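Reader: I have a model open with a ligand and some cysteines. How should I read them? Please start with the cysteines.

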Amino acid sequence: MKVAVLGIGITKFGEQWESSFSNIFVEAGSKAIQDANIDGKDIEAIYVGTMSAGRFIDQEHINALIADQAGLNSIPSTRVEAACASGGLALRQSIMAIESGMHDVVVTGGVEKMTDTTMSKTTRTLVTAADQEWEAFLGMTFPGLYAMIARRHMHEFGTTREQLAMVSVKNHRNAKNNPFAQFNMEITVDDVLNSPKVADPLTLLDCSPITDGSACIVLASEEKAKEFTDSPIYVTGSGQASSTLSLHDREQITVIDSTCNASKEAYRRANITASDVQIADVHDAFTIGEILAIEGLGFVKKGEGGKATEDGVTDKGGRIPVNTSGGLKAKGHPVGATGIAQAVEIVSQLRGDAGKRQVNADIGLTHNVGGSGGTSIVHIFEK
Ligand code: COA
């Protein structure tokens, strides 16, 4: 498979008090369209990933709202939802629309406005992505679910508390060079260990924050792309898989099997293996999430994610740089936008446009997870 990326756009992540939900989508979309050097009339369809605009800002019918505010209200517009993987799923749906021959040029975006409501409502909204009967009803939250996974990983594999913290330290270091990131400060392992406890063993600095933001990408068929550019970045592999919604139904909670299965499909379609990937932006909603990701994607052996992080394998100068953008932890996690923001980082890197974050890579990967792993989406990008 080969679908071309013509343009990318992203807003500043963080609290966007002055801008509305649709304003931030249109800002990211306009940047992507400008970057693609296309005209509004070239766009045949819109896909938008958003997790819960209904609860965060009391607005549904997002597909029509976005098309209207973008001034593109005669073309098909589709809203896609898979919790924190809504952006990744929107990307996959638009790739399928192009591959099927249905459309030649598509704008795909993700957007979330999470800070306009109270923290308790935000937490309750996020936990709608967990099993209501077995988890949320009993008071479980996402930090709580990932804390249980972290404890089990520490117990089974000897992963240390410090190794979890090192994920956050690395991602904050990377975010310092990302002008769109929510946090630009460097932190130390001690800062992570001494920050307020959220759900033992996870502290504030092990968690992704609450974020407003949007990211967009313009995709085209390989043939159509030739009208606009000689050297697009291509999406060469896409994989999606599901797993149980609740943790207690899994054989092991230290493996996100949807990640393993989605990556297998993406590698097969791209005709590569895990060892060919040279850079990845993965779903570190909590520090343990990045350790599970690098194991599930096959970058390191199962149980060795903590040690690999400590050894610098995933550092910017390491064997496989992970989350050069700052990841969800430090760049921010506007849930529906995250999957597209990851693609924006990988495309910038492959184009050589990543400034001080730049690494040398021809093949990159994005990994987007819904909830505690009920959905995983993996995409492969190549020069
Ligand atoms: N990392 C770093 N700093 C953070 C932060 C984070 N994740 N979250 C908040 N802060 C900072 C704030 O900027 C603020 O700093 P200031 O006092 O200098 O202004 C301070 O910490 C307190 O912020 P506040 O908004 O009061 O934090 P909170 O206690 O209400 O929320 C969490 C913190 C970690 C509970 C919240 O961010 C959270 O729930 N994160 C997880 C989100 C999630 O589950 N996403 C879905 C994943 S599947």
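Author: Begin with the cut-off. A disulfide is a pair of cysteine sulfur atoms within 2.5 Å. Keep in mind that this is a predicted model.

Reader: How many disulfides does a search of the whole structure find?

Author: The search finds 0 disulfides. Take C216, which is in no disulfide. Its nearest cysteine sulfur belongs to C84 and is 18 Å away.

Reader: Why is C260 not bonded to C84?

Author: Because the sulfur of C260 is 19 Å from that of C84, its closest cysteine sulfur, the gap is too far for a bond.

Reader: Is C260 buried or exposed?

Author: Buried means under 20% relative accessible area. C260 has 19%, so it counts as buried. C216 is also buried, because its relative accessibility is 0%.

Reader: Now the ligand. Which residues are closest to it?

Author: Read the shell first, then the polar contacts. Here 15 residues surround the ligand. The closest are M119, F183, C207, S208 and K329.

Reader: How do the shell residues divide into nonpolar, polar and charged?

Author: The shell has 12 nonpolar residues, 2 polar and 1 charged.

Reader: Where are the polar contacts to ligand nitrogen?

Author: Two involve the backbone. A polar backbone atom of C207 is 2.7 Å from a ligand nitrogen. For S208, a polar backbone atom lies 2.8 Å from a nitrogen of the ligand. K329 uses its side chain: a polar atom there is 2.8 Å from a ligand nitrogen.

Reader: How much of the ligand does the protein bury?

Author: Taken alone, the ligand exposes 920 Å². The protein buries 61% of that. The space the ligand takes is the largest pocket.

Terms used
Residues numbered from 1 in each chain as written. Predicted model: local features only at pLDDT ≥ 70, side-chain atom pairs only at ≥ 80, totals over all residues. Heavy atoms only, no water. Near = heavy atom within 4 Å. Polar contact = N/O pair within 3.5 Å; in protein donor to acceptor, adjacent residues only side chain to side chain. Areas by Shrake-Rupley, 256 points an atom, 1.4 Å probe, with all protein chains shown as cover. 1 Å grid on protein atoms, 1.4 Å probe; cavity = no way out; pocket = protein on both sides within 12 Å on 5 of 7 lines; lining within 4 Å. Sits in = over half its atoms within 2 Å of the grid points. Nonpolar A, V, L, I, M, F, W, Y, C, P; charged D, E, K, R; others polar. Buried < 20%, exposed > 50% of the residue type's maximum accessible area, 1.4 Å probe, protein only.
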